[in-house]
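Dear colleague,

I am handing over a structure for you to look at. My findings follow below it.

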Number of protein chains: 2
Amino acid sequence: MNLILLFVHDYIAADTVRIHDRRLQHVAHVLRSAVGDELIVGLLNGPIGRGTITRLTADDLEMTVVLERHAPAPLPLTLILALPRPKMLRRVLFSAASMGVKKLYLINAARVEKSFWKSPLLRVERLQEQLVLGMEQAGDTRMPEIFLRPLFKPFVEDELPGISKGTLALVAHPAAEQPCPREVNRQITLAIGPEGGFIPYEIAKLASTGFIAVSIGSRPLRVETVVPVLLSRLC
Amino acid sequence: MNLILLFVHDYIAADTVRIHDRRLQHVAHVLRSAVGDELIVGLLNGPIGRGTITRLTADDLEMTVVLERHAPAPLPLTLILALPRPKMLRRVLFSAASMGVKKLYLINAARVEKSFWKSPLLRVERLQEQLVLGMEQAGDTRMPEIFLRPLFKPFVEDELPGISKGTLALVAHPAAEQPCPREVNRQITLAIGPEGGFIPYEIAKLASTGFIAVSIGSRPLRVETVVPVLLSRLC
């Protein structure tokens, strides 16, 4: 936790917050902070600054807060991800949020196991939990938007053209001839398939929506590796 | 498992292997293969090819093997990594091996918790287990070398100059002015610190050995994210 994320409801006065959940536990037991210490804090979807601890008990942490700078720049990339297995999804959400992804679609694909869609991890509050952990890691305050799209065809036909419009639209596809570009310096829409990849029908559907299939070489990587690899390469 | 890794002791004839461990379980219960099916196989530190299943029982899998092509190219990068917490170490070994790292030093640093060095995961066979999983993921056969160096100063003074000689030597350091270069097209030695980073003394020691401190921006990332991010950016 490199930033304590604050919410509007934490404020008890114009410049004072009081918190008493896992953030208190973290400050007390991991950081082992004391009254007078300064912590990096940030307001959800707002600016970042310093909090000075004015009170710290087993039940309450109070800080005087000065917010003075912007959150780090978002990554100019929308991620379209075939729903990974729940254990991996947690790690992917964390790393994508920590790298600054602000819009993420979890979609269906032929090789996504149907049971994954029943995971309790897909409840909004559980998804947001992972995203918040990633934001706290990276010192970010802007909450990513996340959307579940359990039907591939209507998503690609009806919604994806609007999402990818005006962006460089790429689909990671190990069999593609074209190598994935580097440091493209423009808005990107990036689609990443499930374990085993998108099937040819899905690649063709994505291609018909303007997506270019690109490869990062002959090594098949796990989705939790390939997400940071591609984001790092493209942005 | 995108490749079944074979060992010399699996051979029962010049072109025939017999296996009966977790690889058999994987072929029988995950891939659900049958006699006559072809699998991608590779000999440890040797070539890659196809295995045709000639016998599959609860106890034995026999294949006729034809090895005909090279393993994928190794990554031209030696990784020097401050020992991460055991849970993270497993994932980092997996992803580094899957990306083609062939030489990896786990070193001490001021912010490495002493208890990490006592983890049972540091036994050679447990380390190799993770590396093999990464190789199987990536369809690779070349076993990475891994070295434990629990003393920072003698490692950096006595051994590191020989390791980094003739390479581009970089240390990831969030506070560095210089951005991390991209696609450098030469041999690299890359040092990555613990959570919280190397301390100034350690950065100075590394700099005196010719390491250039480079940054990938203002977002602190977890080591399991930063390893694929840096490898992808540099190679």
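How many helices and strands does chain A have? Chain A has 6 helices and 12 strands. Bear in mind that this is a predicted model.

First, the single chain. The C-alpha trace of chain A spans about 60 × 40 × 35 Å along its principal axes. Chain A has 235 residues, and 41% of them count as buried. I also looked at contacts in chain A between residues at least 6 apart in sequence. Of these, 72% join residues at least 24 apart.

Next, the contact between the chains. How many residues does each chain bring to the contact? Chain B gives 22 residues and chain A gives 22 residues. On the side of chain B that touches chain A, three elements give two or more residues: helix H2 (86-99), helix H3 (124-138) and helix H6 (223-234) of chain B. H6(B) gives the most to that side, with 5 residues. By class, this side of chain B has 7 nonpolar, 9 polar and 6 charged residues.

Last, the symmetry. How are the two copies related? A turn of 180° and a shift of 0.0 Å along the axis lay chain B on chain A, with an RMSD of 0.0 Å. The two copies are therefore related as by a two-fold rotation axis. The same surface serves both copies. Of the contact residues of chain B, 100% recur in chain A.

Best regards

Technical notes
Residues are numbered from 1 along each chain as its sequence is written. Chains are lettered from A and ligands numbered from 1 in the order in which they are written. This is a predicted model: local features need pLDDT of at least 70, side-chain atom pairs count only at pLDDT 80 or more; totals for chains, interfaces and linings use all residues. Two residues are in contact if their C-beta atoms, placed from the backbone, lie within 7 Å. Helices (H or I, at least four residues) and strands (E, at least two) are DSSP runs, numbered from the N terminus. Ala, Val, Leu, Ile, Met, Phe, Trp, Tyr, Cys and Pro count as nonpolar, Asp, Glu, Lys and Arg as charged, and the others, Gly among them, as polar. Copies are superposed by least squares on the C-alpha atoms of residues with pLDDT of at least 70 in both. A residue is buried if 20 or more other C-beta atoms lie within 10 Å of its own, exposed if 12 or fewer, and partly exposed in between; C-beta atoms are placed from the backbone.
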